[in-house]
Amino acid sequence: MLGRTRPRNIYLRLYFWAFLWFYIVWAVFNYRVQDDTFLYYDMGVDLFQHFTLGSRLADGTLIPTALRVPLCPFVFGLLHWITGDQTLTFFTYTLLQVMVTPVIPCTAYFFGRRIDRLTALCAYLFLLFHANVLMCSLMTLTDAFFAAACCGVYIVTWKTLRRRSLRWALCGGLAAGASCMIRPIMKLYFLPVILLLIFRACGLRLFAGMMVMFLAGYFIVMSPWLARNAMLYGRPVVETLEGDNMLWNYWDLVTVRGDDPSGKRKIKEWILSIGNYSRAYFMFYNGEDYWKKNSVIVSDELQEIAWETYREHPIEILRRWGINCLRMTGSYSHHDEMLAMWLNSPLYLQIRDHLFIAPEMADRIFQSFNWMATRLLRVCYLIVAPLGLALLFFRKRALAVFIAMIIAYFTSITAIVAGYDRYRLCLEPLFAVAIIYPLIRGTAKYAGVLNASRGKNLFLHY
């Protein structure tokens, strides 16, 4: 039917086709499920169950802990309680991820539509086949759920800025609080909100009212978790990995000083002795049971050491932080991981022997394609995206500032800990618009496609 399609129906249809595509990819990679199919996860059942119910130690005692914010662990723990089987729990959890992942390309369409239909559609398709989006939907982690939640936060924040509504500001706080229950990186999201409201030049009274409503919505969602931790630990901690995360990339800069107390000296010596191993070793220097019972104390000790290290090596800290920022936007580890999954998948191993070319040649073709795609996309993120934001600033200044400020917030905060593409998933919809826009301006405009796409009934009549 070629009649005018209502926007809400467009998004439903976009969601449906994205879900169908992600489900097909998920089914291909889970064809003939084996025990080693679910090796691509970082936390595992035991760590996921360290949430509001606590940690069951060797003696059977249930010790509450604030290791991680509880939303995803609660979902995983609930699934594990329902299924009673570890493999089936992983299977169900990844299926839920496939159901929420389509929100990511749909959000790219939403912001691309603030420019024109062609940009929106191309940004949607860009993420539909993006290796980072596909890979994160297959891994048993918090990335897909957090990215989907952030997409809701972006949309609500945008509407709050455009409508200058107290009601939308409250909804934005509620959405940010829910996202913070997935990852605590959202606990400082009020900072870009303040800057965006200042950019919108709201009056002082309206600015104060919107911030009050935003913070009210945020604490409405967060208050049960904060109150629970305040009763357990004496203060409303969000999670107990702050000190560990602050030392993740800077462990080798730790300096043992002569005037250090014996306890701090032992911790520093332990950190230096283990080298560049998993961050979990930072926490378990006195044993896992000790850490579970004293996670807040350990986190405070590590934070003290981290801040001391930052003060002693500010230039090196800034240098590594800058490198992580570049790695976060330019790295593509998940391309290699997804290629390895495909080349070792039972489905590919069955069909590669029946192709018209030698199996080894088919492997090399996929590897060459991965090599070219990786380098092309690296150019897109490091060069085309900044160019797109610069061009967009002259045409859609509010949108350009919004995208740049959100990207700067998440990149700068995340780069303190790590710098690889999985943590960029929540930014992919905004990056997609910034990348696609200059490409559309540079090609389609001169062919007349861009102007035609603004007409009626050209695109999106599914």
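**Figure 1. Helix α9 passes helix α11 in a right-handed crossing.** In this predicted model, α9 spans residues 166–180 and α11 spans residues 204–233, and the two helices pack at an angle of about 35° with their axes 7 Å apart. On the α9 side the contact is formed by L166, A169, L170, G172, G173, L174, A176, G177, A178 and C180, which meet L206, G209, M210, M213, F214, A216, G217, Y218, I220, V221 and M222 of α11. Sorted by class, this contact between α9 and α11 comprises 16 nonpolar and five polar residues, with no charged residues.

**Figure 2. Helices α4 and α8 pack with their axes 9 Å apart.** Helix α4 covers residues 86–100 and helix α8 covers residues 143–163, and the angle at which they pack is about 25°; because angles under 35 degrees count as roughly parallel, α4 and α8 are described as roughly parallel to each other. The crossing of these two helices is left-handed. Residues Y93, L96, Q97 and V100 of α4 meet A144, F145 and A148 of α8, and by class the contact of α4 with α8 holds six nonpolar residues and one polar residue, with no charged residues.

**Figure 3. Q97, a residue of helix α4, in its surroundings.** The relative accessibility of Q97 is 0%, so that Q97 counts as buried. The side chain of Q97 reaches the backbone oxygen of M139 at a distance of 2.6 Å. When neighbours within four places in sequence are left aside, the residues in contact with Q97 are C136, S137, L138, M139, T140, L141, A144 and F145.

**Figure 4. Helix α7, residues 131–138, is mostly covered.** Eight of the eight residues of α7 are buried, namely A131, N132, V133, L134, M135, C136, S137 and L138. Among the residues that Q97 contacts, once neighbours within four places in sequence are set aside, are C136, S137 and L138, each of which is listed with the buried residues of α7.

**Figure 5. D260 in the loop between helices α12 and α13.** The loop that holds D260 lies between α12, residues 242–246, and α13, residues 262–274. With a relative accessible area of 6%, D260 is buried, and the side chain of D260 makes a polar contact with the side chain of K268 at 2.9 Å. Apart from neighbours within four places in sequence, D260 is in contact with T255, R265, K268 and E308.

**Figure 6. L272 of helix α13 and the residues it touches.** L272 is partly exposed, its relative accessible area being 34%. Not counting residues up to four places away in sequence, L272 touches W251, D252, V254 and V256. L272 and V256 are 16 residues apart in sequence, and their C-alpha atoms are 9.2 Å apart in space.

**Figure 7. The whole chain, with 23 helices and two strands, as context for the close-up views.** Of the 462 residues of the chain, 50% count as buried. Among the contacts in the chain with a separation of 6 or more, 77% are accounted for by residues that are 24 or more positions apart.

Technical notes:
Residues numbered from 1 in each chain as written. Predicted model: local features only at pLDDT ≥ 70, side-chain atom pairs only at ≥ 80, totals over all residues. Heavy atoms only, no water. Axes fitted to C-alpha atoms, helices over the stretch in contact; angles between N-to-C directions. Helix = DSSP H or I, 4+ residues; strand = E, 2+ residues; numbered from the N terminus. Parallel < 35°, antiparallel > 145°, perpendicular 65-115°, else oblique. Left-handed = near helix turned anticlockwise from the far one by under 90°. Contact = heavy atoms within 4.5 Å. Nonpolar A, V, L, I, M, F, W, Y, C, P; charged D, E, K, R; others polar. Buried < 20%, exposed > 50% of the residue type's maximum accessible area, 1.4 Å probe, protein only. Polar contact = N/O pair within 3.5 Å; in protein donor to acceptor, adjacent residues only side chain to side chain.
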